[in-house]
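Colleague: Could you take me through one helix of this model in close-up, and then show me how the chain around such a part is divided and how the copies meet? I work at the bench, so please explain the terms as you go.

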Protein chains: 4
Amino acid sequence: MNIFDNISALDFRYYGRNERIFHKLQPYLSENAMIKYMAKVEAALTKTLAKKGVCSKKIADEVEKATKKITAEEVYQEEDKLKHNIRALVNCIQRKVSDEAKPFVHFTTTSHDIIATADAARYKKFTENVLIPKLIEFEKTLIMLALKEKNTLQVGRTHGQHAVPITFGFALAQYVSRFGRSIIQIKKTGNNLRGKIAGAVGSYNASSLFFNNPVEFERDVLSELNLKASPISTQIPEAEFMSSYIHSIVEGFGVIANLADDMRHLQRSEILEVAEVFGAKQVGSSTMPQKRNPINFENVKSMWKAFMPRIVTLYMDQISEHQRDLTNSASLRFVPEILTAFYLSVSRLNRTMKNLVVDKENLRKNFDMNKGLIVAEPLYILLAAKGHPDAHEIVRQLTLKAQSSKKSLTEIIKKEKSLQPYLKKFNKKQLEIISNPEKYVGIASKKAESACKFWKKELEI
Amino acid sequence: MNIFDNISALDFRYYGRNERIFHKLQPYLSENAMIKYMAKVEAALTKTLAKKGVCSKKIADEVEKATKKITAEEVYQEEDKLKHNIRALVNCIQRKVSDEAKPFVHFTTTSHDIIATADAARYKKFTENVLIPKLIEFEKTLIMLALKEKNTLQVGRTHGQHAVPITFGFALAQYVSRFGRSIIQIKKTGNNLRGKIAGAVGSYNASSLFFNNPVEFERDVLSELNLKASPISTQIPEAEFMSSYIHSIVEGFGVIANLADDMRHLQRSEILEVAEVFGAKQVGSSTMPQKRNPINFENVKSMWKAFMPRIVTLYMDQISEHQRDLTNSASLRFVPEILTAFYLSVSRLNRTMKNLVVDKENLRKNFDMNKGLIVAEPLYILLAAKGHPDAHEIVRQLTLKAQSSKKSLTEIIKKEKSLQPYLKKFNKKQLEIISNPEKYVGIASKKAESACKFWKKELEI
Amino acid sequence: MNIFDNISALDFRYYGRNERIFHKLQPYLSENAMIKYMAKVEAALTKTLAKKGVCSKKIADEVEKATKKITAEEVYQEEDKLKHNIRALVNCIQRKVSDEAKPFVHFTTTSHDIIATADAARYKKFTENVLIPKLIEFEKTLIMLALKEKNTLQVGRTHGQHAVPITFGFALAQYVSRFGRSIIQIKKTGNNLRGKIAGAVGSYNASSLFFNNPVEFERDVLSELNLKASPISTQIPEAEFMSSYIHSIVEGFGVIANLADDMRHLQRSEILEVAEVFGAKQVGSSTMPQKRNPINFENVKSMWKAFMPRIVTLYMDQISEHQRDLTNSASLRFVPEILTAFYLSVSRLNRTMKNLVVDKENLRKNFDMNKGLIVAEPLYILLAAKGHPDAHEIVRQLTLKAQSSKKSLTEIIKKEKSLQPYLKKFNKKQLEIISNPEKYVGIASKKAESACKFWKKELEI
Amino acid sequence: MNIFDNISALDFRYYGRNERIFHKLQPYLSENAMIKYMAKVEAALTKTLAKKGVCSKKIADEVEKATKKITAEEVYQEEDKLKHNIRALVNCIQRKVSDEAKPFVHFTTTSHDIIATADAARYKKFTENVLIPKLIEFEKTLIMLALKEKNTLQVGRTHGQHAVPITFGFALAQYVSRFGRSIIQIKKTGNNLRGKIAGAVGSYNASSLFFNNPVEFERDVLSELNLKASPISTQIPEAEFMSSYIHSIVEGFGVIANLADDMRHLQRSEILEVAEVFGAKQVGSSTMPQKRNPINFENVKSMWKAFMPRIVTLYMDQISEHQRDLTNSASLRFVPEILTAFYLSVSRLNRTMKNLVVDKENLRKNFDMNKGLIVAEPLYILLAAKGHPDAHEIVRQLTLKAQSSKKSLTEIIKKEKSLQPYLKKFNKKQLEIISNPEKYVGIASKKAESACKFWKKELEI
């Protein structure tokens, strides 16, 4: 099949053609990976049987060797006949071992022991080996930027309106903090995915035919795969380990979508405080050659819109009748898509933020626009502190006056007689802020620094 | 790339390996199809330019010929350089035509004129040529079954509790009716997908350089593709033609998910009124050889859980800033997945229902279980009609008595003195129903018939 | 209960305290309304029984009179005892009629006959009497604005970037068109809500004890309420009439959310092309007196975020087992919230748009910002049309040059030797556009006009 | 306003009329509660100002006293004039204090400092004081039931099909475990909700006019309310503390929805292993007096369908532009609805499970239905273990034979010559299981016990 015959844009566009990304994700999130991991679970099972003396070590070795040769192609061909994917896998392994070894393949387990355990193992490893390192790489980029711009004056914006000053590094630091927390959550929930070797309905019916302590047997099989067992299982592990993991992914996706959206708006023609770097040969628009579009920021937001709603599937999959109905089977096969989309979006945003163009001139120009009004807040507060009985209202009125007369609020204040008794009580620093709104930046820079410092330490980066 | 290296279960499992389905969907829903349709739009554009005298017919022919040779591979290679997919397509076409023809490729249009129009054209054709025929095939299966079983007595169930009798054909007829309506909706909304050739911001800026009536020009280009224009466009057509289409798909998906769920429950061990047919070599469970699982019904429900939530993306994509932000670009690339999943599920359910095993013995057995209580409803109503002042309460009490004494309600009624004056007023047919609950089936059979008749006519099948 | 003891912000804040809105919605969407409508259904039922000769007209009159006296209080008190809301309603009615009339209350129907029919009737009337008039009022506001501003030059924006010119009226016209279509959809689906009088499992078991044609009986009862019957029912009508209705509501909500979002961004400090009118006593911020926030636009977007996802409930409620499980009972009680939120948001947006401040100075200022580059598109297209072999690329390069040299593209073009042979071929109008980018507005004004004209006629307004 | 004039079913039906529940939730989740908590935040603020020497203790006492008198009515009346809810609150407080105290009300804070902190405080307290105790009460009920039924034989069901045996206590134990984990998560995320006193854009602009360490000041104010600060804030705290909290609620809701669904199906007429207890005067159906419906289980599932999708709002609310847009303001007002619905559903399910009727006769009857086939699994595994080369296939065939001949698999096995050599190798216990399928229950009972023991200890109950 030609790659462009695929239906999913992940396969033909975002992952399939990007060699670097393909090599990162294929070993965990492709179907080849799934087959490989299921074979690994079967190998771990027989190995543990041997350790427990149920079969010989020779048999375990034989099975392990066989599992390493399993290909997706042969399993799928066998499944075409049997209409049962795990029985197909088992048959394929059995064909590669001696008659003596055959019975100990898949011994005492049910299909979903293998599937759930393989999924947990591959997502856990993916999280550990591929996802977290990428998230940390991005966190480093954010920290680098936040520190670099910690003193870069920017007008703070609420409701899309100029409010009071911050620094651009402070604005970025909120993402350092929020994304740092997401990394921790993803690490924790990814690391906590659970396998199960508890049999058809979870009560160890089959394994207890052979083991006095089948829970211990389960623990031993899973520890071969570096996994813990679901505290209790039916045919499936407790669903919430997976839904919590995907929640943490989707929540992290929300954080980067927010960042992308923020940057996208800061790149608006009228604002243009930041911009994506633009290749010399890159085309902005097929018809408007002058355009420089924030296509990477837009892509991240768009991917979030495409993948965030899929969490609803996970919540619906929490409901499985009795010891399980199979209505979570096909749906679980789409989980790797969510992981892929998140990885892709973090990668893309990392590349984009790393090369972010920060236009200090425009930052200053935008700041200056309403500079004259910014002092409204400190003025009102200082007036109040100095005893003015109705500070908010008087400042509101003076602001309207400043706007209609196109004068700066500072000027107007200085001429407003009724305020003079209060202004006299202002100390030097306070008077300075009233005259120089750019000083009214609170502890933006320090806060950016402390957030970065915290996460560097927390993540050991 | 090996098929099993893919991430999406659609690509590696459900669509990619099923030759019959692959050949149905690839021409519309793959990326190859998208490139092909975009090239078609470019051809239609130049063709119309020639008709309007902007360029020669020779040029239009040259361009059309070139567009037919376009491959996804070359377009993607070009995009790798330019980072712009439509400019890449245009370059690829231009390379294949004379210098004289080059300027008239993509003439006056913006990228999204091509993309939106191609999407509308391929989804519309897919709906018409592939989806609707499959939906009708399934509707026929349902009609066939509903008519076949129109007289098959079944206990009606509400709240999972035995209520009053119906026929199994009547139960199926609700799906004939609901799915019939879905077909009409999908046909209507699919047929109403809109293209646009209105330029970068939708006000025909470029095309009005050359045409006095650029709306007419747009109409002519689109009519080459059998499409109508969005009434007004920005860079994109009005979003609601697409969201309404996907709503109708998702709503149809809900109908079949309901049917699948219904059948799944009727196949429960304790009920077993229907069953999926089971291949002689098929394996039910990897460890419980006796199991016969409703895996196809389960699969349909599971696919619904995986795809229904994706409608939320379409609703979010209704919001696009000003003349458009690009945050609906990546997300729109995932629409074919929804169409694929729906087609797959209808196909699967069609195969399964066609071969549905209906177990009349069990239908009867289940009916008989609470047969003695079924007469409660007609009794209460008839008593009321004959003047009993508190019919519901007396019947409720007698029912409790029947349950505790394990007698049939009919027996108890006949011995209940206080009822005799009323029972005397019952006519023959009414008395018969009180004694033979299976007669209390209303017009189930007739209603099944009339629903089938209606939809046969409506859909001309 | 004090109004502020309520949990829902609809009840204590948005609807409950707004007298005008309260009086519009209470008669349809409150629980009092629901009880009233259910009583109406019971009255229609007995009335039809009388017409069919099953009971006397006197009885029907008695029942009708009784139903008019029913209060929510008494029904709920009765329900507290019985734990069954419809039996409670029936008891309350029966208490108010003669013994002779009692049996004919609720005769042959099941609870959900009453509930589903009452819901359909009240939502239909609400749509017709309250919602559609409000939607049309808003459509009129939009048309008024679009026509008023049809010639107001505005820079078109894609990706948040200045693209090519439009008019502000044209920008608004897309909402005239999209919202117009929404009105039609809501009207159609609201008008098409269906009742049912088909009994406990939908096969008319009870009513066929008395009528040869129970379908006709159902039709007659429903026509008293100006409703049509669900084509087929189980215990419930076909779910898709309701899900389609709510889809059309949610889709319309998406349109106004987009408009609100658009305006919100146009009110940004750096753009400020429009602004919400601001009361003389209104407070912008509790701490920044200078702020003028787009709080109404924000509210509309926020309400959309709170209510759009609830459509998922409707899709889940399509699935009901066999002749019905009751898991759609509580969830259906929340449908009025969606209708309320939509009505509130349209009302709010109507008020806000009616008084929209359009700042023509800023519109012009923003337009002028990149005026020098806007000609890139027409230039490239005209060069191509005049035979330039690589028009897009040359214009792209000149644009970069213009940007780096801070000159206007027009200037640079005029000095670029290689272009002179082509420029000579431009006609007068074409040369004019190259020099006066504000003329490059396509048919924006005309298109705004035609959209308004179309919807005025279509909606007869 | 009459309670039945409300729109939300929570207000008029589920919460508003249930005195016990009303008194539990009103102090945290009503608007009166919100106003009360916001006033508390204002009091904590001035108290801390006094501690820091910015104002006198007398002033702080005055303010605290005033805040305790604040009513929702007066605040809303003031808001009607100002169109700003927090300024309204501040005005109301100021009116109740001396001129000297006035300036120190709301001093240095922004509206959302008060709102976000009040929300965090009330949800945290609600979680601690009301929700968690209720969840634990329910967990106790589950533990009680799981232990009581730990030895009650039940057929395990997968795919709705009889699989291998479990005990009913084991089936319940999965909910003990899953719900136990949910309690921990809700406790953790509820306890971790964060406030903020960081001013208009989060950089402490105003408070740093007065404090060298405004972060410490924030910490001190919040510690008065037993809260921690968001690590970094913009105008709003980091959104993920709230989205994680609601995720844990929704995930817990999924667990109880699964339990409710499970029970609902076990109450099916054909299964009837459990049933909701039914009041002597309760009405099952308005028209079918014999019905006993699982209305409470259905209600829980229905509420889950109505509220689960609302998590999507929280994910959308993670996106807030720059230092905040206000599009999360209205939407946040609906969070109490989710908490209310969850509390109601847990309460209802607790009542229902506490009185669950467990029908041992039916449990046994259902078990016996396919008793003859249950041994298929142990037989296949034991045969394999004893060296049979194709155990799964032979057992599959014998099972088909058993089914067609209506004999028990045990009988057939004993007569199957080819198996005799293997059967001889079975030990006594193994032979016993083959003959007595009810012994094939694994460690169901023990596992139920250990799960209950674990959670008793973990939750200290």
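**Helix H9 of chain B and its surroundings**

Modeller: Happily! In chain B, helix H9 spans residues 214-224, and its buried residues are Pro214(B), Phe217(B), Glu218(B), Val221(B) and Leu222(B). (Buried means 20 or more other C-beta atoms within 10 Å of the residue's own, exposed 12 or fewer, partly exposed in between, with C-beta atoms placed from the backbone; helices, H or I of at least four residues, and strands, E of at least two, are DSSP runs numbered from the N terminus.) These residues lie on the same side of H9(B), because they cover an arc of only 130 degrees around the axis, taken from the directions from the helix axis to the C-beta atoms.

This is a predicted model, where local features need pLDDT of at least 70 and side-chain atom pairs count only at pLDDT 80 or more, while totals for chains, interfaces and linings use all residues. Residues are numbered from 1 along each chain as its sequence is written, and chains are lettered from A and ligands numbered from 1 in the order in which they are written.

What lies over that buried side? In chain B the cover includes helix H3 (31-51), helix H7 (111-148), strand S3 (194-195) and strand S4 (228-229). Just after H9(B) comes Asn226(B), with a positive phi of about 65 degrees.

Now to chain A, which is divided into domain 1 (3-104), domain 2 (111-366) and domain 3 (376-439), with bounds from an automatic or database domain assignment. Domains 1 and 2 of chain A have C-alpha centres 27 Å apart. Their contact takes 23 residues from domain 1 and 26 residues from domain 2, a contact being two residues whose C-beta atoms, placed from the backbone, lie within 7 Å. On the domain 1 side, helices H1 (9-14), H2 (19-29) and H3 (31-51) of chain A each give two or more residues, and H3(A) gives the most, with 12 residues. That side divides into 16 nonpolar, one polar and six charged residues. (Ala, Val, Leu, Ile, Met, Phe, Trp, Tyr, Cys and Pro count as nonpolar, Asp, Glu, Lys and Arg as charged, and the others, Gly among them, as polar.)

Next, the copies. Chains A and D contribute 78 residues each to their contact. H10(A) gives the most to the chain A side, with 13 residues. By class, that side has 36 nonpolar, 27 polar and 15 charged residues. A turn of 180 degrees and a shift of 0.0 Å along the axis lay chain A on chain D with an RMSD of 0.1 Å, the relation of a two-fold axis. Such copies are superposed by least squares on the C-alpha atoms of residues with pLDDT of at least 70 in both. The copies meet through the same surface, because 100% of the interface residues of chain A are also interface residues in chain D.

Chain A also touches chain C, with 34 residues from each chain. On the chain A side, S2, H10, helix H15 (360-369), H17 and helix H18 (391-405) give two or more residues each, and the classes are 12 nonpolar, 14 polar and eight charged. A rotation of 180 degrees with 0.0 Å of shift along its axis superposes chain A on chain C, RMSD 0.1 Å. Glu270(A) has the C-alpha of chain A nearest that axis, 3.0 Å from it.
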